[in-house]
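Biologist: Got a minute to go through the sheets in this one with me? Pull it up and let's chat.

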Amino acid sequence: MSSSVSVAAEWDLLSDRFYRRLTVYFPLPWSAPASTSTASSSGVGGAVIGRLDLSTHIVAAAPFGGPIAAVRDDSKIVQLHSEPSRRRLLLFSSSGHSIASAPWPPLLPRLHSLAFSSSLSLLGLLSDGSLLRFRLPDLQPTPSSSPVPLLPQASGGVADAVFWGGGVAILTEDNRVVVATDIEAADPHPRDLADPGVGDEETVLCMAVVEPQFVMSGSPEVLLAVGDRVIAVDEDGVQVLGEELEIGPVQKMAVSPNGKLLAAFAHDGRLLVIPTDFSRIIFEYECDSALPPEQIAWCGLDSVLLYWPEVLLMVGPNGDPVQYSYDESIKLIPECDGVRILSNSSMEFLHRVPDCTTLIFGIGSMSPAALLYDARDHYDRQSAKAYDNYQLISSSLPEAIEACIDAAGHEFDVSRQRTLLRAATYGLAFCSRFPHERFQEMCKMLRVLNAVRDPEIGMPLTIQQYKLLTAPVLIGRLINANQHLLALRISEYLNLNPEVVIMHWACEKITASATLPDTVLLEGLLDKLRLCKGISYAAVAAHADNCGRRRLAAMLVDHESQSSKQIPLLLSIDEQDKALSKAIESGDTDLVYLVLFHMWQKVAVEKKARLDFFGVINARPVARDLFMAYARHSRHEDLKDFFLSAGRLQDVAFLLLKESRELEKNPVASKGSHVPQVRLIDQAYRLFVETKEHVFESKSSEEHAKLLRSQHELEVSTKQAIFVGSSVSDTIKTCIAMGNERAALKVKSEFKVPDKRWYWLKTCALATVGNWDALEKFSREKRPPGGYKPFVEACIDAGQKTEALKYIPKLNDPRERSEAYARMGMAKEAQSAASQVKDSDELFSRLKFTLAQTSIIDTLRDRLSFQGAY
């Protein structure tokens, strides 16, 4: 049990809970003498950093064991020659190893504070309210070197500010509160909260922020200590809190990690812990000093840390506080389960001792976990007491094993981890019902944690932080710190997809290999990229293109298997021909259209460029057909140019005829003139003539143009717009109906209308207008070349049976006479005419349908059949 006593001796009792302060890294490399501590070559140029004094620097530390940033505070006096004359922005790991260094941008307002965002972007808030953002790990300003303003110029600048993961709350010199919850966006949108109503003679003593995720409205709530009151400010209004508590002026405030409690240091030296709604005082402690502490922070949810120069006080709900002494400046870095304490020489972690650890190593503990741990110790010394201890805890063995496994996860010391896990394995030998996967899972987590805690990596994660952060996020942080090998090994060890690691490594390799030939660099990249199936070569190629290595990008994109990723990149690097070929091979018409549209947009106005484009697509049938299908609907002129370039004159002519038809359907487009339509048809006619293979089309086009001109002359002479667009037959009929037979004869002559057709047209026209005398006169002029059937049908269609009877007897064909009589409902006359037809079966069926008199037709058929029998 002596080892348990030595472990528990390192603990400090606060109320009924134990706390321990672990030294994670000591000494820190920056605490070495200036002659031996040099900066990283990244952005430093070999300059000596020397000893880093936290008291003279503005320091920010990222949560979850993240990096540390520092820049010299120009408001403080430093010893001459102790540091470089020009300020530099420094970036370190938590173990004190230099990651990068860059000159601080000159000619800027005074730096007010530094902070890290939730995505590990470094933010710098200047005194005028503008925001600087730096990319890690090279500390390059993003998106440019110009600060982003968050405050209007009339605000007077920054009086105080509080950062949280995704935002910042700023108290201005004129006592207004401005909040920005999207500080990681390229264009943040700061907004004013309600006016807190602070008078000109009043002073805001301190401020704190309840983060949005802890507020019902989803917006941050800012707490301002003004005089004897605390004001809660949000978008909806202002509320005075805690007036009935009479806590007096508050000098410092800190909100707990869960957003429910507030630690407040009053002017009389009292430390108060109250809910954020100020409903009551949970507990208070009278400090020895009424001077406000320099820093105040929560250590988990059970205690509060107060720091004055050389004194760190930890206060709990009951009992005496715990005091730590420091002879150098420190920086408190709150975490979800404790506080990291950064000093000039060390990195420590102060946290509550887990219950499982207390059960095992607590002085005088006789818990099953402690007995199991002791049993393993006896077993290693080959003592029979090991089995005695087992018998004592056999009924509680699963709980004891679980406690040993949990305790191992909370340890930073590797040898102690191993001892606790060996105790757990001793219990597992006697407990078959305990899930062995729990032990294996803890071993995996510890191997990952021990790897990232190594001083060369410098990420002192606890197991609770690791669970909250998750393995994929941890891997993302490692690759952003250029720790690709470790990230890859962790990914493989945890069976995670290593694609993101390899891709990031490839991009960084391209960036760092500016002088390496493309072919040599490509070979090295492919060796690693092939390790991950399905990796996006297009993303790496895009990075190569952004770095100005277009040839390398073209070689990389050839290995991309997904056409949807490959083709856009080929277009971006001006490989249109290859992109078009790949799109056609993919069989995806959308990708083909994407390439065609991209190429068409880049085609210059010059004729030669268009001809080159037409030549490219004409050599590829799929691209040609898709372009033609698209152009037929919306780009007729371009399609005509394409047909002309390919020598397809007949296709151009057909397009011209289609345009002429569209003008005919839309008189508004042609402004009521026939000239545009005639011009298009004439152009089509000339193109058809040139082909010498489309005689019919050329003749038709010529006749159509001539007809349009004639119709236009008729409309001018008659002052009636009723001719253009009609056929030759309709034009003749319209002229006759209007009594203009001379014009009709002219059209007949121009277009060589046959006499038979002329008789049909004139008959229909006269019947339409009901000029029966003229019709009869016309029938007597001479024998109609097509007979009198047109006269009969015209009269019947007009419903004039009397007029029709004048012409039916003149029909030579008895079949025609029978059908005419049937149409007029004259059954007996139809019967008489039909009897003169030799093959009457088909005729009878038509008559039966026409007359709908079945009995009459049947009688007629019987009589004819009887006559045929003789």
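What follows is a short chat about two sheets in this structure.

Modeller: Sure, and keep in mind that this is a predicted model.

Biologist: Okay. What's the strand order in the five-strand open sheet?

Modeller: That one goes β1-β2-β30-β29-β28, and the pairing is antiparallel.

Biologist: Which strands sit at its edges?

Modeller: β1, residues 11-14, and β28, residues 330-335, and each of them pairs on one side only.

Biologist: And how many degrees does the twist average from one strand to the next there?

Modeller: It averages 25°.

Biologist: Let's zoom in on β2 and β30. How many bridges join them?

Modeller: Six, between β2 (residues 17-25) and β30 (residues 347-352), with the two strands running antiparallel. If you want a spot to click on, Tyr19 has Arg352 in β30 as its bridge partner.

Biologist: Nice. Switching topics: what's the order in the open sheet of four strands?

Modeller: β20-β21-β22-β23, with antiparallel pairing.

Biologist: Why do β20 and β23 each have one side without a neighbour in that sheet?

Modeller: Because β20 (250-255) and β23 (283-286) are the edge strands, and each has a single partner strand. The twist in this sheet averages 20° from one strand to the next.

Biologist: What about β21 and β22, parallel or antiparallel?

Modeller: Antiparallel, over five bridges, with β21 covering residues 261-266 and β22 covering residues 270-275.

Biologist: Which residue of β22 stands opposite Ala264?

Modeller: Leu272 does.

Biologist: Remind me, what do strands of a sheet pair through?

Modeller: Backbone hydrogen bonds, in either a parallel or an antiparallel arrangement.

Conventions:
Residues numbered from 1 in each chain as written. Predicted model: local features only at pLDDT ≥ 70, side-chain atom pairs only at ≥ 80, totals over all residues. Heavy atoms only, no water. Pairing = 2+ DSSP bridges. Axes fitted to C-alpha atoms, helices over the stretch in contact; angles between N-to-C directions.
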